[in-house]
Amino acid sequence: MDISIENIRKEFERFPALHDVSLDIRSGELIALLGPSGSGKTTLLRLIAGLEFLTSGRILFGNEDASHKSVQERNVGFVFQHYALFKHMTVADNVGFGLRVRPRSQRPSRAEIRRRAEELLELVQLPGLGKRFPAQLSGGQRQRVALARALAIEPRVLLLDEPFGALDAKVRRELRRWLRELHERTGHTTVFVTHDQEEAMELADRVVVMSNGKIEQVGSADDIYDAPASPFVFSFIGASNALRVHVEAGRVYLDDRPLELPRTNLPDGPARLYLRPHDLEVSRDEAGSIPGVISAVRRTSGARLIELEIGGRRDRLEIELPAEQSHRLNGRLAVRPRKWQLYRDDECRLAS
Ligand SMILES: Nc1ncnc2c1ncn2[C@@H]1O[C@H](COP(=O)(O)OP(=O)(O)OP(=O)(O)O)[C@@H](O)[C@H]1O
Ligand SMILES: [Mg+2]
């Protein structure tokens, strides 16, 4: 099912939780909505589900305007982070719930519902657990039951709001891989909310990065990581440093020192150089590179993190070097970037 979100706006008592949001979701695609707390991810998901209604704009399911349709009419399945299972029902009854509450004319027979529940429990790798009660399952198992329940109604679209948010990191990683495989087998159009950038990048065909009720960028994991459209996206996806620089006639200056970077077409004036810690390498020569004084060295499992204070200013750079590279790690150090992004200063202020 293709979904088109056209220029939507959602206000809660005049507060615009979403504005100017447009997005095309292709049939069979797994999309992640990624953004900080309060950026509007859940609101967008609830609007797609029909749990919330638009202030303006349209949502199309295929060619049909679904903006005013109910949850049932849209036939979506959803799983929320804290959408608890019905405690007094067995696992199988939980899974079959959406079918049992259908109007009689569309309701499968009892035996059919039982069979479907068993099939779905197998699909989510919990065969034979149908007779248990939710309290007798682990957290990860419960979330898989919730997913089986969402799938039972044969939804046209599957909506997941941080379904693994409450679980520990290892279980999350397992469920992530498992969900990707399940998606490949079933081919549901799926929208997945998360504020974990790794989860989004690893799972999704395309990632939608949101901030302040707006979409900042839509793209593959490679797009958003290697070509972030804004300073916000750069710093939200992965570790980052920002250094205040100055552009004059296409050259980039750090204070009054020209940096050895290709010419930019940014206009003259203040700018910010965004750098990832692992895209910086030690330079022999201070000319054209970024010199500083080492203020801290830390060891992580796979690397050595170095904090560099850049001449008398408040700017600091974090540099990630291979752990083996430990020589001369005190005093002065000059680094040069292998990759970087340069943004105008006013874009950076808008982002923060
Ligand atoms: N029912 C509501 N009434 C008033 N304001 C709301 C309501 N629901 C959401 N908001 C506001 O809309 C904004 C977006 O909220 P939303 O729940 O969509 O964020 P989110 O991206 O899902 O955040 P989180 O990661 O914390 O779940 C927030 O500022 C929130 O306070
Ligand atoms: Mg939310």
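**Note on the predicted model: strands, ligand site, pockets and loops**

1. In this predicted model, strand β15 (residues 280-282) is joined to strand β19 (residues 332-337) by 3 bridges, and the two strands run antiparallel. Within that pairing, the residue that stands opposite Val282 is Val335 in β19. Strand β19 is also paired with strand β16 (residues 290-299), again in the antiparallel sense, here over 4 bridges. For this second pairing, Gly292 can be taken as a reference point, as it stands opposite Leu333 in β19.

2. An open sheet of 5 strands deserves a separate look: its order is β13-β12-β11-β14-β20, and the pairing is antiparallel. The edges are taken by β13 (257-258) and β20 (341-344), each of which has a single partner strand, so one side of each is left without a neighbour in the sheet. At the β13 end, 2 bridges join β12 to β13 in an antiparallel arrangement, and there Leu254 stands opposite Arg257 in β13.

3. Strand β8 (residues 189-194) has a contrasting setting, and its burial can be followed residue by residue. Of its 6 residues, 6 are buried, so β8 is largely enclosed by the rest of the structure. In a regular strand, side chains alternate between the two faces of the sheet. For β8 both faces are covered, with Thr189, Val191 and Val193 buried on one side and Thr190, Phe192 and Thr194 buried on the other.

4. The partners of β8 should be read together with its burial. Strand β3 (residues 30-34) pairs with β8 in the parallel sense over 5 bridges, and strand β7 (residues 157-161) is likewise joined to β8 by 5 bridges, running parallel. Val191 in β8 is a useful residue to inspect, since it appears in both pairings: Ile31 stands opposite Val191, and Val191 is also the bridge partner of Leu159. The same Val191 is among the buried residues of β8.

5. Which residues come nearest to ligand 1? There are 13 residues around the ligand, and those that come nearest are Ser37, Gly38, Lys41, Thr42 and Thr43. Contacts to oxygen atoms of the ligand involve both backbone and side-chain atoms, as the following distances show. A polar side-chain atom of Thr43 lies 2.5 Å from an oxygen atom of ligand 1, and a polar side-chain atom of Lys41 lies 2.8 Å from an oxygen atom of the ligand. For Ser39, the atom concerned is a backbone N or O, which lies 3.2 Å from an oxygen atom of ligand 1.

6. The largest pocket has a volume of about 540 Å³. It is lined by 18 residues, of which Gln72, Val76, Gly98, Val101 and Ile153 are the closest to its centre. Several elements contribute to this lining, with α2 (71-74), β6 (76-80), α3 (91-100) and α5 (139-152) each supplying at least two residues. By residue class, the lining divides into 11 nonpolar, 5 polar and 2 charged residues.

7. The second largest pocket, with a volume of about 360 Å³, is lined by 14 residues, and those nearest its centre are Thr90, Ala92, Asp93, Arg114 and Glu118. Both α3 and α4 (110-123) supply at least two residues of this lining, and the largest share, 6 residues, comes from α4. The lining here divides into 5 nonpolar, 3 polar and 6 charged residues. Helix α3 therefore merits inspection from both pockets, as it supplies at least two residues to the lining of the largest pocket and at least two to that of the second largest.

8. Two residues other than glycine have positive phi values and should be checked in their loops. Gln125 has a positive phi of about 60 degrees and lies in the loop between α4 and α5; with a relative accessibility of 44%, Gln125 counts as partly exposed. Ala249 has a phi near 50 degrees, and its place is in the loop between β11 (241-248) and β12 (251-254). Ala249 is exposed, its relative accessible area being 56%, where the cut-off for exposed is over 50%.

Note on methods:
Residues are numbered from 1 along each chain as its sequence is written. Chains are lettered from A and ligands numbered from 1 in the order in which they are written. This is a predicted model: local features need pLDDT of at least 70, side-chain atom pairs count only at pLDDT 80 or more; totals for chains, interfaces and linings use all residues. Side-chain values use heavy atoms; hydrogens and water are left out. On a 1 Å grid over the protein atoms alone, a cavity is a set of points where a 1.4 Å probe fits but cannot get out, and a pocket is an open set with protein on both sides within 12 Å along at least five of seven lines; lining residues have an atom within 4 Å of a point. Grid points are joined across faces, edges and corners, and a volume is the space filled by probe spheres set on the points. Ala, Val, Leu, Ile, Met, Phe, Trp, Tyr, Cys and Pro count as nonpolar, Asp, Glu, Lys and Arg as charged, and the others, Gly among them, as polar. Buried means under 20% relative accessible area, exposed over 50%, partly exposed in between (1.4 Å probe, protein chains only). Two strands pair if DSSP finds at least two bridges between them. A residue is near a molecule or strand if one of its heavy atoms lies within 4 Å of it. A polar contact is a pair of N or O atoms within 3.5 Å; within protein, one must be able to donate a hydrogen and the other to accept it, and residues adjacent in sequence count only if both atoms are side-chain atoms.
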